[in-house]
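Got the structure open? Let's take a walk around the places where something other than protein can sit, and the empty spaces too.

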Amino acid sequence: SAIISLEKVSKIYNLGTAKEVVALKDVSLQIKRSSLVLLMGPSGSGKSTLLSLIAALTRPTSGKVVVDGQTISKLPDRFAAVYRREKIGFIFQKFNLLEDLTVFENVIVPLIPTPTPLKELELMASAVMERFAIAHKKDMVVRKLSGGEQQRCAIARALIDNPPIILADEPTANLDSALTEQFLQILGQLKQEGKTIVIATHDPRFADLEIVDEIYEVREGNVFLS
Ligand code: ADP
Ligand code: ADP
């Protein structure tokens, strides 16, 4: 059964102005629970927009987005923030870490708006930092970490809340092949745990992996199952 469903979703930026951009056109798709799905296509084809819609970071111009039984396409911002905290872990291409804060401080960012006691924050952070082999750097500022450490810190932050859905936007763009291999192993584990994973990428290394269930081709705002 589908955990993510888009029904005739269009996204037009700057609607009605001279700078109007049709980023997605009438896209319908269904993503099964516990599957790993790729969105592949050139830069500017609409992949990030699709992820943003699933994360309720943006709203569609028309159409409907349903995630885990909840219609999110019209959620007001404050409910969208709650939705994201409960359901979504987002891994960004440039990691989006706060460079002058420590690993620990970055990892707990998603929990800051919640009334979680410090002791519990520390326990949750330790568990996830250990899992992704970054606990030994917990008090180091992110700016001083290597690329791979920054990636693992970003993954730890995305997963501290144990979200059922993981979205990743070009997650390997800044990783060499050894780190990419490590990242793919992590994805395999997460999939085995039952997470639903959606990855926007043009990295051909993903395309023939056994853990990939479905590949969508994104072309100029159109999405095709390939
Ligand atoms: P991709 O992730 O495949 O590179 P995007 O979803 O980022 O594609 O972009 C799709 C199209 O929408 C591009 O033409 C891009 O310039 C445009 N776009 C993306 N975000 C915005 C925005 N916030 N405002 C205006 N245009 C945007
Ligand atoms: P990507 O690397 O996924 O293609 P971009 O570098 O194109 O992402 O975009 C980075 C950010 O800028 C995104 O949040 C995107 O929504 C926004 N953006 C992209 N294109 C435009 C645009 N033409 N106008 C305004 N914002 C844009």
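Start at Ser45: one of its backbone N or O atoms lies 3.1 Å from an oxygen atom of ligand 1. Keep in mind as you look that this is a predicted model. Right beside Ser45 in the numbering, Gly44 also uses its backbone, with an N or O atom 2.7 Å from an oxygen atom of ligand 1. Thr49 joins in with its side chain instead, where an N or O atom is 2.6 Å from an oxygen of ligand 1. How much of ligand 1 does the protein cover? On its own, ligand 1 has 560 Å² of accessible area, and the protein covers 61% of that.

Now zoom out a little to see who else is around ligand 1. The full set is Tyr13, Asn14, Val21, Ala23, Pro42, Ser43, Gly44, Ser45, Gly46, Lys47, Ser48 and Thr49. Two elements give two or more residues to this shell, namely β2 (21-32) and α1 (47-54). Which one gives the most? That's α1, with three residues. Sort the shell by class and you get seven polar residues, four nonpolar and one charged.

Next, hop over to ligand 2. Its surroundings are made up of Ser48, Gln93 and Asp169. You've met Ser48 already, in the shell of ligand 1. Here a polar atom in the side chain of Ser48 lies 2.6 Å from an oxygen atom of ligand 2. As for cover, the protein takes care of 24% of the 550 Å² of accessible area that ligand 2 has on its own.

Time to look at spaces rather than molecules. How would you find them? Rolling a probe the size of a water molecule over the atoms shows where empty space is left.

Stay where you are for a moment, since the second largest pocket has some familiar names in it. It holds about 200 Å³ of space, and its lining includes Gly44, Ser45 and Thr49, along with Ser48, Gln93 and Asp169. Glu170 and His202 are part of this lining as well. Once again α1 shows up: it gives the most to the lining of this pocket, with three residues. By class, the lining has eight polar residues, three charged and one nonpolar.

Where is the largest pocket, then? Its volume is about 410 Å³. It has 15 lining residues, and the closest to its centre are Arg84, Ile88, Phe90, Phe92 and Pro110. The elements that give two or more residues to this lining are α2 (77-87), β6 (88-91) and α5. Its mix of classes is 10 nonpolar, four charged and one polar.

Finally, look for a space that the probe can't get out of. Counting cavities of 30 Å³ or more, there is one. The largest cavity has a volume of about 50 Å³. What lines it? You'll find Gly148, Gln151, Arg152, Ile155, Leu175, Leu179, Gln182, Phe183 and Ile186 there. Two helices, α5 (147-159) and α6 (177-192), each supply at least two residues of this lining. You saw α5 just now, in the lining of the largest pocket. Sorted by class, the residues around the cavity are five nonpolar, three polar and one charged.

Notes
Residues are numbered from 1 along each chain as its sequence is written. Chains are lettered from A and ligands numbered from 1 in the order in which they are written. This is a predicted model: local features need pLDDT of at least 70, side-chain atom pairs count only at pLDDT 80 or more; totals for chains, interfaces and linings use all residues. Side-chain values use heavy atoms; hydrogens and water are left out. A residue is near a molecule or strand if one of its heavy atoms lies within 4 Å of it. A polar contact is a pair of N or O atoms within 3.5 Å; within protein, one must be able to donate a hydrogen and the other to accept it, and residues adjacent in sequence count only if both atoms are side-chain atoms. Accessible areas come from the Shrake-Rupley method with a 1.4 Å probe; for residues, only the protein chains shown count as cover. Helices (H or I, at least four residues) and strands (E, at least two) are DSSP runs, numbered from the N terminus. Ala, Val, Leu, Ile, Met, Phe, Trp, Tyr, Cys and Pro count as nonpolar, Asp, Glu, Lys and Arg as charged, and the others, Gly among them, as polar. On a 1 Å grid over the protein atoms alone, a cavity is a set of points where a 1.4 Å probe fits but cannot get out, and a pocket is an open set with protein on both sides within 12 Å along at least five of seven lines; lining residues have an atom within 4 Å of a point. Grid points are joined across faces, edges and corners, and a volume is the space filled by probe spheres set on the points.
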